[in-house]
Amino acid sequence: MSTVHRIPQADIPAGSFVMGDRTGDGRYADGETPLHIVELAGFSIDVHSVTNDDFAAFVDATGYRTESEVFGYSAVFHLAFAGDDADVLGRPPQTPWWLGVAGADWRHPGGRGSDLDGLGDHPVVQVSWNDAQAYCRWAGRRLPTEAEWEYASRGGLDGARYPWGDELLSDGEWNCNVWQGVFPVSNDLSDGFLTTAPAVHFAPNGYGLYQTVGNVWEWCQDWYSAVYYGNAAAVGPTGPEGGTQRVLRGGSFLCHDSYCNRYRNSARSQNTPDSAMANAGFRTVVSAAASTIDLPAAEAASEMHDCCAPGRAAFVTAEP
């Protein structure tokens with residue numbers, strides 16, 4: 001393990017699995033099909049997402065400034081906003097529950113009136129794909145490929161909807177941190193959380209991984225394409241050769257069947273690599289194949305809309 005990266009590891013065995021949506025839950029436009037067999041070498045992966053304490057160690061050691069700090073704003077869910085009305089730069093009309101908030105960054109995930117008090121063991125959020133890459137370079141790690149992420153999330157249950165099986169609840173109990181109630185106006189907090197939960201919470205999957213679905217979206221290494229699965233490599237796929245958006249996996253505390261049924265093993269989303277939001281973080285991997293995967297420093301941005309926050313550019317012209 002890296003001397004600076006302290007998150008415990010799960011060793012994922014080499015093997016093959018059927019990648020994609022077997023249950024018919026996915027939206028066609030997301031590109032969760034066709035089903036295809038993928039073969040992967042063994043690798044080790046963080047048992048939980050990178051926490052605020054983990055990211056603080058990186059920032060303390062390097063002086064790194066995240067893109068939200070450089071740009072001066074980031075995406076905040078309206079019920080988690082903590083700041084002055086003047087801090088709201090805009091809200092995209094397609095997703096008015098997302099606010100572009102001045103002063104929102106990883107230390108202030110809800111805006112300048114929020115902080116990390118008591119949240120050291122929660123996943124770091126308000127970090128872009130580029131920020132995650134910077135952490136990985138410091139730690140001698142990399143982001144998982146999309147195929148690695150799904151294989152690890154399944155925990156050995158090939159074809160299951162969730163990391164624990166096909167049913168959302170177990171004996172009436174929640175297995176993940178998602179939205180309960182009427183999205184996006186009221187959350188009855190049946191799972192105990194309005195926003196993030198501690199990174200180690202609920203039961204781990206069969207490989208020992210915590211909260212691969214729900215809680216926070218997780219950045220993956222791959223470029224995103226909705227048609228990639230139709231011609232993906234069968235052995236160690238690393239995604240399309242280029243694109244404008246990077247893959248996000250796992251859903252978040254904002255997922256709800258009425259809007260975003262993406263807290264599943266096969267579910268996919270995407271955003272521009274400079275975008276950050278209050279419900280997205282990352283976990284890392286190390287493997288013998290690490291040196292073969294490109295780790296560029298920065299990417300160009302473009303606008304998009306999805307169940308995660310709109311891309312950073314969406315807030316520039318949005319009406320307050």
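Two strands pair if DSSP finds at least two bridges between them. The model toured here is a predicted one, and the first stop applies that criterion.

**Stop 1: strands β1 and β4**

Select residues 9–12, strand β1, together with residues 43–46, strand β4; the two run antiparallel and are joined by 4 bridges. Display D11 and look across to β4, where S44 is its bridge partner. Next, colour β1 by burial: A10 and I12 form its covered face, whereas Q9 and D11 form the uncovered one. In a regular strand the side chains alternate between the two faces of the sheet.

**Stop 2: the sheet of three strands**

Move to the open sheet with the strand order β5-β7-β6, in which the pairing is antiparallel. Its edges are β5, residues 73–77, and β6, residues 88–90, each of which pairs on one side only. Viewed across the sheet, neighbouring strands are turned against each other by 45° on average, direction ignored. Now restrict the selection to β5 and β7, the latter spanning residues 98–102; 5 bridges link them in the antiparallel sense. Show Y73 and find A102 of β7 opposite it.

**Stop 3: helices α1 and α3**

Select residues 52–62 for α1 and residues 129–139 for α3, and fit their axes: these come within 11 Å and cross at roughly 75°. Angles of 65 to 115 degrees count as roughly perpendicular, and α1 is therefore roughly perpendicular to α3. To see the contact itself, display D54, F55, A57, F58, A61 and T62 on α1, with D131, A134, Y135 and W138 on α3. By residue class, this contact comprises 7 nonpolar, 1 polar and 2 charged residues.

Keep α1 selected and highlight its buried residues N52, D54, F55, A56, F58 and V59. The buried residues of α1 pack against α3. Just after α1, inspect the backbone of G63, which takes a positive phi of about 75°.

How many of the residues of α3 are buried? The helix is mostly covered, with 9 of its 11 residues buried. Select W129, N130, D131, A132, Q133, A134, Y135, C136 and A139 to view them. Among the elements that cover the buried residues of α3 are α1, α2 (67–71), β12 and β13 (246–249).

**Stop 4: the nonpolar cores**

The largest nonpolar core holds 42 residues; begin with F55, W98, Y263, M277 and F282, which touch the most other members. Extend the view to α1, β5, α3 and β12 (217–223), each supplying at least two residues of this core. Which element gives the largest share of this core? It is α3, with 6 residues. Then turn to another core, lying apart from the largest one and made of 17 residues, including A10, V47, A147 and A152. A10 also belongs to the covered face of β1.

**Stop 5: the sheet of four strands**

Finish at the open sheet ordered β14-β13-β12-β15, whose pairing is mixed. Its edge strands, β14 (268–271) and β15 (280–281), each pair on one side only. Isolate β13 and β14 to see antiparallel pairing over 4 bridges. Within this pair, select R249 and then R268 of β14, its bridge partner.

Terms used:
Residues numbered from 1 in each chain as written. Predicted model: local features only at pLDDT ≥ 70, side-chain atom pairs only at ≥ 80, totals over all residues. Heavy atoms only, no water. Axes fitted to C-alpha atoms, helices over the stretch in contact; angles between N-to-C directions. Parallel < 35°, antiparallel > 145°, perpendicular 65-115°, else oblique. Contact = heavy atoms within 4.5 Å. Nonpolar A, V, L, I, M, F, W, Y, C, P; charged D, E, K, R; others polar. Core = buried A, V, L, I, M, F, W, Y, C linked by side-chain atoms within 4.5 Å. Buried < 20%, exposed > 50% of the residue type's maximum accessible area, 1.4 Å probe, protein only.
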